[in-house]
Amino acid sequence: MAIEVLPVTGEQSDLLSAAIALGDRYTKRLGLLTPPAYRKYAEDGGLLVALEGDELVGYALFGLPKRSQHVRLVHLCVAEEHRGKGIARRLIAELRSRQGHRLGIRARCRRDYGLSPMWSGLGFVPKGEDIGRGEDKEPLDTWWLDLGHDDLFTEVRSDALLVVTVDHSVFSGLRSEGAERAVEESKALEAGWLADLIELTYTPQLLLDVHEIENREARQRQRNGLPQLRAASPDGAAVSVRQQEMLAALSKELPELLIDGKMRARLRYVAETSCAGLQVLVTRDPELERLADIAWDVARVRVVSPAMVTLHVDELRQAQVYRPADLMGTAFSMEEVASGSEGELVAFFEQTGGDTGTAFVERLKALGADGVLWRRELLRDGDGHPVALYAWAMDGRTLNVAILRTASHPLEETLARQLLFMLKRLGRDRGAQIVRIADPYLSTAARSALGADGFTEDERGFAALIVDLCGPAEAVSEAAGEIAARAGRTAPRLDARASPEVVSVAERAWWPAKLIDTALPSFVVPVRPLWSTELFNVPAMLVPRDDVLGISREHVYYRSAGHRGESVPSRVLWYVSRGTAGQQGMMAVGCSRLDEVIVDDPDSLFSRFEHLGVYGRADVRAQAEPTGKVMALRFSDTEIFPAQVTRSRLTSLAKGLGLTWKTPMSMMKIDSALFQAVYEEGHRKT
């Protein structure tokens, strides 16, 4: 028979008497409460009963304090013979529904009743304890169910470079409890130099773990340390769904693991981190570290050790805000802003200063009224939501960008960096020598990305040079100087003596410039067709990849760990090796700037660079040598040649320079003159 939950007033004497009778059955646990007290709670709207047919099988008695914004749960009672039917959950759900405007529900319960699993199962978390009033002084636990309202603190954005959650294995170390090494590793997260870089947070599961400590003094010591960390309050329903998703994945991927209470708690940490909008969970628990792949695949949470955080805080932060690998798996679409639809965009793109509301719409509408052919482009994500907006027009050799906005989105900073590179490519294709961004109300993400991409600011906005020349340093810098002068700017004069570091910065700022006669070395890297397709879509996939945003700014390529004289910074020429049946191969397909070469164990490299690549953990492990090491090549600003350069043509170009072309079996250094010849051949107009 269905359970019905409904409120009871003081005038409903039959139901009120039935609730009192049920409560009297359990006075040893609930305490003695007189009938007038029940009636007073009912008159104040504080009594819900659960009925199965005509029988009262449970009730919730609660107070609604006027001076505080929470519900004070006095009794939650279910008849013993009706337990296990979800009646308590129904009562709490109804209470939440009726009192959802309040901050939460607070309950107090003796610790020795052993009801912690019930409270946590209903979504409550332990918030502290007091000494009981009875002769035995048994502690009273305080349980709290958050009703989903942000407090003032949750509105404050962290100024830290990286926000992470910690589990109990790390928190105990922070409180100087545990083995010496555990304490040392955990306390490294609180080092003075990290104070402005990392903010530590905790989720409700940590409260449950602290609550389970048997010794009261130890339990209280840990509770005293909680205020030093920021509290995260993810939605409980969303956490339960995420936890179930991981349980399903765990049963499939690691069927040998025992799914007990401890394992569920580990998964809860991951789920709460994910639903709090965070991406890094720090642990010293080896069993939780075993779940790293599932945590990432299902919840997009990186499970890392304290050492990983302290050693690679910058990379972990970058992995949070810049995720080109996610772009490659997300469908984006580009469209022109239709006339008359400008007003619909106000809700998506933040306006500030004098650009609010109608002013923003009028600016969009006005583009084109001056006789200039403006293109107003709107980028939507796979769900159809606007995520980026820009308007551009050519003015001679300048690509003018009047509006450049990004909307609030998990990939906003990634989109901003991609859009800037896309605008540079667009300018190059249109014969532009300058990209000028004149939007006075740039989004924060776009403004942040500009400084790292060679754009400089003046009274007219931001501008970057496009120096489409591959040649001697003096010739390239002279061309850059002439372009800069037309823009009212200056450019540094470089020659062949410039250091590789300076040349690499210049090639990024003046992209696609190449200063060939300098000390910046050039390498050729053989890449199997499989990975060339995944990274560059060359050879093309049988099912074309959505490539609205073009090739990502930054990626990583893994290979065997043996050194071949590689150095950074440098340029790399990508050479597709022999393909299998039906695959093209034996050709140079593009080039990139090489930013970093690292040799380490596969799992460490995958944790550092997963956000950049198309590789799975198993793919990275497959590259390991007997030593157990793998080499990661981090590269950026990839250009795919309009025309691939075949092996026969490479041989011919090398011969013309008095050189010999050898099909590369591994990464090898090549003469920069040959790099120039291949680069120019790849861009040769037929």
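## Exercises on a predicted model

L373 is situated in the loop that runs between α17 (358-366) and β14 (375-380). The structure is a predicted model, and the exercises below concern its contacts and its surface.

### Exercise 1. A loop residue

Determine whether L373 is buried or exposed, and state how far its C-alpha atom lies from that of M394.

Solution. Step one takes the relative accessible area of L373, which is 72%. Exposed means over 50%, so L373 is exposed. Step two turns to the backbone: 8.0 Å separates the C-alpha atoms of L373 and M394, two residues that stand 21 apart along the chain.

### Exercise 2. Aromatic pairs

Classify the ring pairs Y38 with Y59 and Y575 with W661, and locate each partner in the chain.

Solution. The structure contains eight aromatic pairs. For Y38 and Y59, the ring centres are 6.0 Å apart and the planes meet at 65°. Planes over 60 degrees apart count as edge-to-face, so this is the class of the pair Y38 and Y59. Its members come from distant parts of the chain: Y38 belongs to helix α3 (residues 35-43) and Y59 to strand β3 (residues 55-63), 21 residues apart. Y38 and Y59 are both buried.

The rings of Y575 and W661 lie 5.6 Å centre to centre with 55° between the planes, and the pair is tilted. Here too distant parts are linked, with Y575 in strand β24 (residues 570-576) and W661 in the loop between α25 (647-656) and β27 (668-670), 86 residues apart. Buried means under 20% relative accessible area. Y575 has 1% and is therefore buried; W661, with 9%, is buried as well.

A cluster linked by ring pairs is formed by Y557, W574 and F635.

### Exercise 3. Salt bridges between distant segments

State how many salt bridges are counted, and analyse those of E199 with R230, R417 with E554 and D637 with R593.

Solution. The count is 39 salt bridges. The criterion is a nitrogen-to-oxygen distance within 4 Å.

- E199 and R230: the closest N and O atoms are 3.6 Å apart. E199 is in strand β9 (residues 198-202) and R230 in strand β10 (residues 230-231), 31 residues apart. Both E199 and R230 are buried.
- R417 and E554: the N to O distance is 3.8 Å. Because R417 is in helix α18 (residues 412-429) and E554 in strand β23 (residues 554-560), the bridge ties together parts 137 residues apart in sequence. R417 and E554 are buried.
- D637 and R593: N to O, the distance is 2.9 Å. D637 is in strand β26 (residues 630-646) and R593 in strand β25 (residues 587-600), so parts 44 residues apart in sequence are tied together. At 4% relative accessibility D637 counts as buried, and R593 is buried at 8%.

Salt bridges also link D293, D603, R617 and R621 into a network.

### Exercise 4. A charged surface patch

Identify which residues gather in a patch of negative charge on the surface, and describe the place and accessibility of E482.

Solution. The patch consists of E474, E478, E482 and D517. E482 is found in helix α20 (residues 473-486). Its relative accessibility is 44%, so E482 counts as partly exposed. Patch members must have over 30% relative accessible area, a condition that the 44% of E482 satisfies.

Methods:
Residues are numbered from 1 along each chain as its sequence is written. This is a predicted model: local features need pLDDT of at least 70, side-chain atom pairs count only at pLDDT 80 or more; totals for chains, interfaces and linings use all residues. Side-chain values use heavy atoms; hydrogens and water are left out. Patches are made of residues with over 30% relative accessible area and no salt bridge: like charges are joined within 9 Å, nonpolar side chains (Val, Leu, Ile, Met, Phe, Trp, Tyr) within 5 Å. Accessible areas come from the Shrake-Rupley method with a 1.4 Å probe; for residues, only the protein chains shown count as cover. A salt bridge is a side-chain nitrogen of Lys or Arg within 4 Å of a carboxyl oxygen of Asp or Glu. Lys and Arg count as positive and Asp and Glu as negative; His and the chain ends are not counted. The place of a charge is taken as NZ of Lys, CZ of Arg, CG of Asp or CD of Glu. Helices (H or I, at least four residues) and strands (E, at least two) are DSSP runs, numbered from the N terminus. Buried means under 20% relative accessible area, exposed over 50%, partly exposed in between (1.4 Å probe, protein chains only). Rings of Phe, Tyr and Trp (its six-membered ring) pair if their centres lie within 6.5 Å; planes under 30 degrees apart count as stacked, over 60 as edge-to-face and the rest as tilted.
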